[in-house]
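Hello,

I am passing a structure on to you, and I would be glad if you opened it alongside this message and followed the notes below with the sequence at hand.

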Amino acid sequence: MFGVPGDFNLGFLDFVEDHPKMDWVGDCNELNASYAADGYARVNEGKPGVLLTTFGVGELSAMNGIAGAFSEHVPVLHIVGVPSTSQQKAKPMLHHTLGDGRYDAYYMAAQQFTISHSSLNSIETAAAEIDRVITDCLVKARPVYLMLPTDIAYMRISATRLKTPLNIEPPANDPETEEFVLDEIVKLVEAAQNDVIILVDACGIRHGVKHELEALCKHTGYPVYAAPMGKSVIDESYSRYGGIYVGEISHDDIKAKVESAKLILSVGGLKSDFNTGNFTYHIPTQRTVELHSDHTLVQFAVFPGIGMKRLMPKLIARLQPYKEGAFQAEVPKFEAPVPKEDNDIISQTWLWPRVGQFFRPKDIVVAETGTSSFGVLDVPLPAGAVFVSQILWGSIGWTVGSTLGAAFAGLDRGMNRTILFVGDGSLQLTVQELSVMIHHGLKPIIFVLNNSGYTIERFLHGKTRKYNDISNWKWTKLLDTLGGEEGKTVRSYTVRTKDELSNLLDDPKFAAAETIQLVELVMEMHDAPRALKVQAELSGKTNRYTA
């Protein structure tokens with residue numbers, strides 16, 4: 001449970017701290033705590049992140065993080081300690097209120113960014129309400145909100161409901177409609193004569209169909225590609241995996257393979273601007289089947305209530321007989337060779353393939369919005385690795401708190417290392433959470449791209465404007481300042497050349513990640529990954545920055 005103590009949740013926190021199966025992680029502020037809960041849920045598939053804040057000042061600070069989780073279909077349980085039920089009725093001018101008696105103002109605000117919510121004002125209904133809200137969180141993969149009054153937190157209720165596991169299976173599909181949808185998909189597959197590809201996206205993992213998706217790929221043999229938000233949903237070492245499709249931003253060979261296919265089976269798509277190359281998919285609707293958590297699209301027809309979790313096992317059975325023909329389609333190997341450059345500058349073109357060689361199976365790779373997220377896209381990840389990024393919501397600084405949650409989830413799941421790539425500008429927003437990582441003995445490797453400011457914004461607009469500049473910190477002093485002991489409990493490095501970085505990456509002691517480590521990468525201000533440059537150009541045309 002992540003969060004910040006406040007006077008309206010302190011009594012409840014006593015119970016949390018004393019509970020033998022719960023770990024309390026006190027964050028430096030509520031925004032960072034919400035990011036941590038988000039990161040935990042993304043890596044610990046099927047389990048929600050849990051966040052605890054206090055009334056008003058705490059919960060509002062967390063709201064940006066909750067909105068991002070809502071946007072990207074991440075299950076987070078947000079518990080808010082609030083004034084007692086008697087105070088809510090009497091409406092005195094308490095601290096943390098707006099001073100006008102509106103004790104429900106924050107509750108109403110939270111409803112804009114949560115899929116389900118409840119104010120626990122009665123012990124008779126509290127257990128049922130808690131079960132309902134948690135179930136909605138897990139089934140719908142979105143944040144939920146619970147108001148916990150100070151007096152209710154101390155009241156005893158029956159434990160009977162705990163004896164019955166929550167039903168977190170999605171609703172059943174209508175059998176007749178489902179059969180019709182299956183028939184229609186099979187007709188399209190037959191018409192395509194096995195010229196079919198699978199395109200995976202974020203909701204494939206958020207809504208719990210990762211295993212069904214793996215079975216669909218392996219039992220049909222169709223080539224599989226991923227949207228940026230779907231990176232690592234399918235193991236990138238899989239022989240039939242072809243890489244990342246991002247519309248006009250895609251590599252030419254990937255773009256040709258995807259857009260020439262006679263049928264695209266899209267699984268869990270989220271067609272946002274940065275996830276589609278600024279809406280430049282060139283895939284006609286008549287060649288598309290879209291599988292979603294709560295509906296299915298077959299060409300131009302929409303079938304509400306036909307969810308992919310129930311549909312996919314039956315679809316796999318129907319498509320398996322076509323497997324032999326599917327394997328005739330060639331899938332170029334997804335790889336990123338390190339380019340040879342005639343200088344020793346750490347360029348964006350060289351950096352990402354080189355760190356790709358550093359990745360190991362079951363690593364957690366967290367990439368900040370902007371330079372890092374675009375750079376990692378074109379780099380294959382080893383088997384079992386998990387990619388974490390916030391491509392739709394795009395709140396800079398999110399990855400630092402998210403890395404805290406991801407590292408805890410990695411321990412739960414038995415993952416390998418947690419590796420963060422973050423820009424100097426983004427790190428300045430949420431840097432405090434490095435102290436929490438040190439406090440809890442977590443051991444992430446943090447690569448700080450020091451390119452003197454907001455690179456993605458320079459390419460969007462204002463390349464030489466002062467508002468995209470930042471103050472340059474003494475990056476290698478951070479871990480020592482925030483509670484570590486340099487050379488013992490923490491290690492920090494600065495690298496300025498290709499050789500210096502390569503030597504560090506090849507150092508077994510560094511790669512072993514025996515303690516938290518920070519690496520300052522000194523890079524050129526106006527350098528950026530290929531994909532970011534193309535995206536910025538497309539976004540600039542859409543946003544019409546010039547008069």
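**Two helix pairs and two cores**

In this model, which is predicted, the axes of helix α2 (residues 30-43) and helix α15 (residues 398-413) come within 6 Å and cross at roughly 40°. Because an angle of that kind is neither under 35 degrees nor in the range of 65 to 115, α2 is described as oblique to α15, and the crossing of these helices is right-handed. On the side of α2, the residues that take part are N32, Y35, A36, D38, G39, Y40, R42 and V43, and they meet W398, G401, S402, L404, G405, A406, F408, A409, G410, D412 and R413 in α15. Sorted by class, this contact has nine nonpolar, six polar and four charged residues.

Please look next at helix α13 (residues 348-356) and helix α20 (residues 498-505), whose axes come within 11 Å and cross at roughly 15°. That angle makes α13 roughly parallel to α20, and the crossing here is also right-handed. In this pair, W350, L351, R354 and V355 of α13 meet K498, L501, S502 and L505 of α20, and by class the contact has five nonpolar, one polar and two charged residues.

Is α13 itself largely enclosed or open? Eight of its nine residues are buried, so α13 is largely enclosed by the rest of the structure. The buried residues of α13 are Q348, W350, L351, W352, P353, R354, V355 and G356. Among the elements that cover them are α14 (371-377), the strands β16 (418-423), β17 (445-450) and β19 (516-522), and α20, the helix whose residues K498, L501, S502 and L505 were named above.

The last point concerns the nonpolar cores. The largest of them has 55 residues, and within it I185, I198, L213, V267 and L291 touch the most other members. Helix α7 (residues 175-192) gives the most to this core, with seven residues. If residues up to four places away in sequence are not counted, I185 touches L265, V289, L291, V298 and L315. There is also a second, separate core of 44 residues, which includes Y40, V388, I516 and L518; of these, Y40 is a residue you have already met in the contact of α2 with α15.

With best wishes

Definitions and conventions
Residues numbered from 1 in each chain as written. Predicted model: local features only at pLDDT ≥ 70, side-chain atom pairs only at ≥ 80, totals over all residues. Heavy atoms only, no water. Core = buried A, V, L, I, M, F, W, Y, C linked by side-chain atoms within 4.5 Å. Buried < 20%, exposed > 50% of the residue type's maximum accessible area, 1.4 Å probe, protein only. Helix = DSSP H or I, 4+ residues; strand = E, 2+ residues; numbered from the N terminus. Contact = heavy atoms within 4.5 Å. Axes fitted to C-alpha atoms, helices over the stretch in contact; angles between N-to-C directions. Parallel < 35°, antiparallel > 145°, perpendicular 65-115°, else oblique. Left-handed = near helix turned anticlockwise from the far one by under 90°. Nonpolar A, V, L, I, M, F, W, Y, C, P; charged D, E, K, R; others polar.
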